[in-house]
Amino acid sequence: MKKSTFPDPFQKTREQIGHHTIDDQNDPVTMLLRLKDVRRTAHNWQTFQSGAAPGRIVVPSEVHIRDTRQIPFETDPPLHTEYRKLVEEWFRRPLNEEYEAALTRQIEAAVEEVLQKDKTEVIRDFALPLQSRALTLLLNVPETEAETWIGWGTHVFRSEDNPLDGSKATALYDYIDREIERAAAKPSDDLYSLLLASEVQGKKLTKEEVKGVIILTFAGGRDTVINAVTNSVAYFAEHPDSLQLLREQPEITPRAIEELVRYFSPLTHMGRIVTEDTHVCEHAAKADTRVSLCWASANRDAAVFENPNEVVLDRKVNPHVAFGFSHHNCLGATHARQVLKVLLTTLAKKVGYMEILDHKDNIEQWGKFDRKVGFDKLEMRFNK
Ligand code: EMZ
């Protein structure tokens with residue numbers, strides 16, 4: 001099996017049953033595996049709620065390590081709609097010409113750097129700094145801030161030996177608190193200042209609400225973007241023809257991005273809290289229990305995708321849910337897509353071929369499912 005192959009562990013259960021219940025810190029989660037059920041459930045916010053106790057819709061649950069509500073992610077309509085309105089335009093800035101130019105400058109420099117080296121550990125020395133520097137554009141803060149963030153590692157709530165590392169969350173929170181105070185004392189044109197000056201339902205956002213939006217901006221696009229970047233690089237190392245195809249037909253790049261995120265599905269699933277006794281996929285779901293929308297499984301659903309386990313770089317019909325679905329769809333998706341667009345374009349332009357020297361898979365465990373989501377280590381050589 002190629003190192004850039006990501007098997008689908010859900011297939012049998014998805015086809016035969018459609019759901020599977022796993023334990024998570026004594027608060028079980030019923031994973032919904034079919035695209036149709038995932039979409040329907042994502043849509044029905046009255047019965048499947050996001051705005052329960054902060055951290056409870058995340059799997060593994062973060063209720064024991066944080067109590068700040070992440071916004072707009074852990075809210076429901078109509079409040080959710082108001083919050084989204086505040087930030088939607090800001091999160092479309094990645095489409096601006098200057099934004100793309102700055103991103104291109106960053107990513108070209110990163111690729112030039114690895115081309116000079118004999119060997120690069122892609123996660124630590126390429127994807128993590130790339131994600132951190134790109135995030136300075138999204139927040140509109142000085143690029144030097146990225147140096148601090150790089151020190152936090154690939155996930156802001158998880159460390160290598162502890163999937164729920166309270167001390168990591170504290171470091172992030174302290175940093176954000178300081179940044180909010182800085183922006184409050186001297187407003188500028190960054191995201192903190194915009195939020196501090198914003199109102200919802202006629203009231204200024206509190207610092208706690210501002211913090212909720214900023215935490216999500218840091219956490220939601222961290223390991224997900226790092227995995228998307230790392231996995232894409234691994235894929236093109238093992239599929240030089242695909243890189244050649246991008247060189248010859250750059251117009252397929254947008255489709256290639258959608259296909260890679262469908263295939264990799266960097267976020268496996270996201271939970272909802274059931275508000276009343278109901279049924280999902282013929283499964284009785286009781287009030288106050290948890291279900292999850294398994295994007296990774298839905299994205300391999302053969303009822304919707306032809307040859308779901310193949311990367312078809314120019315796949316034409318691709319209604320994937322890698323960025324979620326319905327009103328909670330990923331706010332950072334425009335940024336993430338631009339990062340991937342510039343990455344693919346730069347690889348096609350500057351890199352001749354790439355070799356994988358050493359690797360270690362990052363396998364998530366969800367009950368009986370073992371899911372490869374990326375790498376813990378990926379050593380590569382980039383050649384002109
Ligand atoms: C939460 C989540 C958001 C959570 C869209 O996903 O990402 C996870 O990585 C974080 O741990 O707190 O932000």
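In which strand is the place of Met270? In this predicted model, Met270 is located in strand S7. Strand S7 spans residues 270-274 and belongs to an open sheet of 5 strands, which is described here before the other parts of the structure.

Strands of a sheet pair through backbone hydrogen bonds, and the pairing may be parallel or antiparallel. In the 5-stranded open sheet, the strands follow the order S1-S2-S10-S7-S3, and the pairing is mixed. Strand S1 (19-22) and strand S3 (48-49) each have a single partner strand and stand at the edges, so one side of each is left without a neighbour in the sheet. At one of these edges, S1 is joined to strand S2 (residues 29-32) by 4 bridges, and the two strands are antiparallel. Within this sheet, His20 lies opposite Met31 of S2. Helix H2 (residues 35-43) packs on the sheet, where it touches S2, S3, S7 and strand S10 (290-293). The direction of helix H2 makes about 120° with that of S10.

Strand S7 has antiparallel pairings with both S3 and S10. Between S3 and S7 there are 2 bridges, and Gln49 stands opposite Ile273 in S7. Between S7 and S10 there are 4 bridges. Ile273 has Arg290 as its bridge partner in S10. Ile273 thus appears in both pairings, facing Gln49 and Arg290.

The surroundings of Met270 may be considered next. Met270 has 19 C-beta neighbours inside 10 Å and therefore counts as partly exposed, as 20 or more would be required for a buried residue. When neighbours within four places in sequence are left aside, Met270 is in contact with Ile57, Ser292, Leu293 and Gly324. Met270 and Val291 are separated by 21 residues in sequence, and their C-alpha atoms are 8.4 Å apart in space.

Val59 also has Ser292 among its contacts. Val59 is found in the loop between S3 and helix H3 (79-88). Because Val59 has 21 C-beta neighbours inside 10 Å, Val59 counts as buried. Apart from residues up to four places away in sequence, Val59 touches Asp24, Val29, His269, Gly271 and Ser292. One of these residues, His269, is 210 residues from Val59 in sequence, yet the C-alpha atoms of the two are 7.5 Å apart in space.

A further open sheet consists of 3 strands in the order S4-S12-S11, with antiparallel pairing. Its edge strands, S4 and S11, each pair on one side only. Strand S4 (residues 120-121) and strand S12 (residues 369-383) are joined by 2 bridges, and Thr120 has Met380 as its bridge partner in S12. Strand S11 (residues 353-366) is joined to S12 by 13 bridges. The bridge partner of Trp366 in S12 is Phe369. S11 and S12 form a hairpin with 2 residues between them. In the turn of this hairpin, Gly367 has a positive phi of about 55°.

Two packed helices are described by the angle between their axes and by the distance between those axes. For helix H12 (residues 253-264) and helix H14 (residues 333-350), the angle is about 115° and the axes are 10 Å apart. The crossing of these two helices is right-handed. At the contact, Thr253, Ala256 and Ile257 of H12 meet Arg337, Leu340, Lys341, Leu344 and Thr345 of H14. By class, this contact comprises 4 nonpolar, 2 polar and 2 charged residues.

Finally, the model contains a ligand, and the residues around the ligand are Val58, Glu62, Gln70, Phe73, Phe157, Leu216, Ala219, Gly220, Asp223 and Leu267. Helix H9 (residues 207-220) contributes 3 residues, the largest share of this shell. By class, the shell around the ligand has 6 nonpolar, 2 polar and 2 charged residues.

How values were computed. Residues are numbered from 1 along each chain as its sequence is written. This is a predicted model: local features need pLDDT of at least 70, side-chain atom pairs count only at pLDDT 80 or more; totals for chains, interfaces and linings use all residues. A residue is near a molecule or strand if its C-beta atom, placed from the backbone, lies within 6 Å of it. Ala, Val, Leu, Ile, Met, Phe, Trp, Tyr, Cys and Pro count as nonpolar, Asp, Glu, Lys and Arg as charged, and the others, Gly among them, as polar. Two strands pair if DSSP finds at least two bridges between them. Two residues are in contact if their C-beta atoms, placed from the backbone, lie within 7 Å. Axes are lines fitted to C-alpha atoms, for helices over the stretch in contact, and angles run from 0 to 180 degrees between N-to-C directions. A crossing is left-handed if the near helix is turned anticlockwise from the far one by less than a right angle, and right-handed if clockwise. A residue is buried if 20 or more other C-beta atoms lie within 10 Å of its own, exposed if 12 or fewer, and partly exposed in between; C-beta atoms are placed from the backbone.
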